[in-house]
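Subject: The structure, and what turned up in it

Hi,

Here is the structure I promised to send over. Have a look at it first, and then read on for my notes.

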Amino acid sequence: MPLLEKTPQEQPPTFPVVIIGNGPSGICLSYLLSGYKPYLDPTTVHPNPILYRKLEENKHLSVTEQDLEYLSEGLEGRSGNPVAVLFDTLLHPNADFGYEFPSVLQWRRDKQQRVPHLVLGKGTPGGAWHAMEGSMLTISLGIWMELPGVNYRDLANGKRRDVTSDRATPEEISSYYQNYVKLKGLQKNFVDNAYVTSVQKLCRGHEVEGPDRGLASAAEDDGRDDANEGSGEEDRVRNGGDGSVWEVRGYQQLQNDSHIPFSLFTENVVLATGASDSPVRLNVKGEDLPFVFHSISELGLAVTQRKLDANSDPVLIVGAGLSAADAVLCACESNVRVLHVFRKTVDNADLIFKQLPKTLYPEYHKVYSMMCSQTYVNSPSQKRPQLTSVASSVCAKICQKPQLVRGGGLFPDYTSFPEHCVVSFQSDKKCLLQGNNSLKAFKISMALVLIGTNPNLFFLKGQGQYLGLDPEKPISCKQNPIDIDPFTFECTKEPGLFAMGPLVGDNFVRFLKGGALGIASCLLKRLKKKEKLIGSGGNDFI
């Protein structure tokens with residue numbers, strides 16, 4: 001049904017919170033804003049005695065009501081965001097040490113203590129997971145992909161996969177997320193097929209240029225006296241913004257392919273869009289030629305259509321992350337020759353392969369072995385500038401087991417080019433590479449540039465660049481994430497605007513849930529102070 005069923009004369013509605021993005025970030029935040037509260041489970045003991053003592057001090061309070069900075073102090077983990085580390089260790093204690101301890105949280109639902117909100121997503125709940133290949137396997141273990149309150153294995157029907165038994169396919173994960181929304185009764189908060197085209201900050205009490213915006217009424221409905229909200233910068237931020245509201249505009253695509261425009265107001269906007277919108281480009285001559293692609297799906301399509309085989313010119317694969325490794329595996333399995341180009345040295349400590357256990361990820365270690373042992377005969381040793389793979393490397397395609405050639409080698413038609421970069425692509429399908437101050441030209445059938453993806457925040461002023469740690473550079477999940485308060489996830493340069501997930505450097509589902517905890521805690525405290533929560537009532541144990 002349409003997002004907004006109103007006549008043109010009616011005013012756009014106002015919501016306390018609008019979440020842009022319906023992937024695991026948006027789903028988890030919706031759960032926490034829907035009255036579900038995490039408490040210390042009295043039947044469990046956290047293995048960290050200091051954290052456990054802190055939790056015991058206020059065990060009558062939910063974690064969202066407590067001081068997250070105090071709880072997360074001293075914790076260490078694989079995320080740079082302290083609240084992400086805190087929530088992860090509460091859900092999966094000592095997971096980095098290989099243990100599978102039960103969560104120390106008990107979830108209770110207070111239906112009267114919820115925050116009205118909308119989750120706007122381009123498709124159905126699950127986000128980018130619906131677009132990934134069903135034969136891929138996640139890098140993270142399946143249990144790390146789960147959201148609070150619903151055990152992943154319970155919905156996965158106990159599927160096992162020998163050494164990779166705890167990894168899951170995107171099809172399984174996307175199905176889990178869709179079922180999660182239904183099981184937790186969150187459907188009413190989600191608007192599917194909603195495309196946001198503009199997010200603007202508007203000052204209260206001032207009309208906006210253009211007809212039928214209804215801003216004055218939105219200000220009146222708020223019922224807040226900003227003069228009483230505190231006088232300094234700290235109070236302004238802590239109490240929730242600068243007396244402004246946000247206008248969110250876009251359209252909803254219906255089943256008959258018609259588009260229904262919408263406009264709504266909100267006091268708080270949460271960016272949960274992920275980072276898979278725009279592939280990173282080399283920005284070299286010829287990159288727009290028709291045989292140069294930025295998605296692994298183009299390789300699979302060419303193989304399926306029999307445009308590539310053992311007699312074809314080699315495929316050029318650019319990148320040293322898992323997406324590039326996926327393409328190598330796919331090409332080698334199809335007996336397609338591969339030229340693999342990357343700027344890093346094979347012994348670079350930042351290579352993702354060095355962080356993956358061989359028993360769980362044997363296919364990637366085969367690729368890494370080839371990268372090291374099957375290098376171009378004149379491979380240089382001079383160090384080159386590095387490119388870092390980003391959020392598109394979260395999960396990876398698993399092909400059939402690679403065939404071994406005689407003598408125990410791997411794929412004879414694979415050649416790696418460490419410390420090389422692409423200079424240009426030419427219309428005759430030749431590619432010019434540079435390494436050790438020498439140029440090399442190769443005839444190729446197609447090129448795959450797989451060096452990561454960046455978020456596309458076109459709907460924000462200046463594409464949101466001013467929100468980054470370095471406002472002079474585009475937003476990048478690893479190199480220039482959005483600058484946030486580490487405990488509330490509110491943008492430091494824009495009160496009332498929050499960001500979570502890959503946008504703030506948390507590329508794994510395991511850690512992006514911390515953003516939901518921080519944002520929910522912040523909003524619940526603010527709205528409770530303003531007496532805008534929906535009443536109060538008894539708790540239901542989940």
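Let me begin with Y376. With a relative accessibility of 21%, Y376 counts as partly exposed, because the buried class ends at under 20%. Please keep in mind that this is a predicted model.

The ring partner of Y376 is F417: the two ring centres are 4.8 Å apart and the planes meet at 25°, so this pair is stacked. F417 is buried, at a relative accessible area of 0%. Y376 belongs to the loop between α11 (362-373) and β14 (395-397), while F417 is part of strand β15 (residues 414-417), so the pair ties together parts that lie 41 residues apart in sequence.

For another aromatic pair, go to F458 and F459. Their arrangement is edge-to-face, with 5.6 Å from centre to centre and 75° between the planes. F458 is partly exposed, with 43% relative accessible area, whereas F459 counts as buried at 7% relative accessibility.

The structure holds 13 aromatic pairs. There is also one aromatic cluster, formed by Y31, Y36, F87, W107, Y176, Y177 and Y180.

Two lysines are worth a look beside their rings. K54 lies over the face of Y70, at 4.8 Å from the ring centre. K461 does so over the face of Y466, at 4.6 Å from the ring centre.

Next comes a strand-helix-strand unit. Strand β12 covers residues 315-318, with V315 and I317 pointing one way and L316 and V318 the other way, and all of them are buried. Which strands pair with β12? One is β13 (residues 338-341), which runs parallel to β12 and is joined to it by 4 bridges. Within that pairing, V318 has V341 of β13 as its bridge partner. The chain gets from β12 to β13 by way of α10, and this β-α-β crossover is right-handed. Strand β19 (residues 446-449) also pairs with β12, again in the parallel sense and over 4 bridges. There, I317 stands opposite L448 of β19.

The helix in that crossover deserves its own paragraph. Helix α10 spans residues 322-333, which makes 12 residues, and its first and last C-alpha are 16 Å apart, close to the 16 Å expected at 1.5 Å a residue. How much of α10 is covered? The helix is mostly covered, with 11 of its 12 residues buried. The buried residues are L322, S323, A324, A325, D326, A327, V328, L329, C330, A331 and C332. As a reminder, an α-helix has 3.6 residues a turn, so residues three or four places apart point the same way. Just after α10, N335 takes a positive phi of about 60°.

Finally, the cysteines. How many disulfides are there in the structure? A search of the whole structure finds 0 disulfides. As for individual cysteines, C330 counts as buried at 11% relative accessibility, while C372 is partly exposed, with a relative accessible area of 34%.

If you open the model on your side, the stacked pair of Y376 and F417 is a good place to start, followed by the crossover from β12 through α10 to β13.

Best wishes

Notes:
Residues are numbered from 1 along each chain as its sequence is written. This is a predicted model: local features need pLDDT of at least 70, side-chain atom pairs count only at pLDDT 80 or more; totals for chains, interfaces and linings use all residues. Side-chain values use heavy atoms; hydrogens and water are left out. Helices (H or I, at least four residues) and strands (E, at least two) are DSSP runs, numbered from the N terminus. The expected span of a helix is 1.5 Å times one less than its number of residues. Buried means under 20% relative accessible area, exposed over 50%, partly exposed in between (1.4 Å probe, protein chains only). A disulfide is a pair of cysteine sulfur atoms within 2.5 Å. Two strands pair if DSSP finds at least two bridges between them. A crossover is right-handed if, with the strands pointing away from the viewer, the path from the first strand over the helix to the second runs clockwise. Rings of Phe, Tyr and Trp (its six-membered ring) pair if their centres lie within 6.5 Å; planes under 30 degrees apart count as stacked, over 60 as edge-to-face and the rest as tilted. A charge sits over a ring if NZ of Lys or CZ of Arg is within 6 Å of the ring centre and within 35 degrees of the ring normal.
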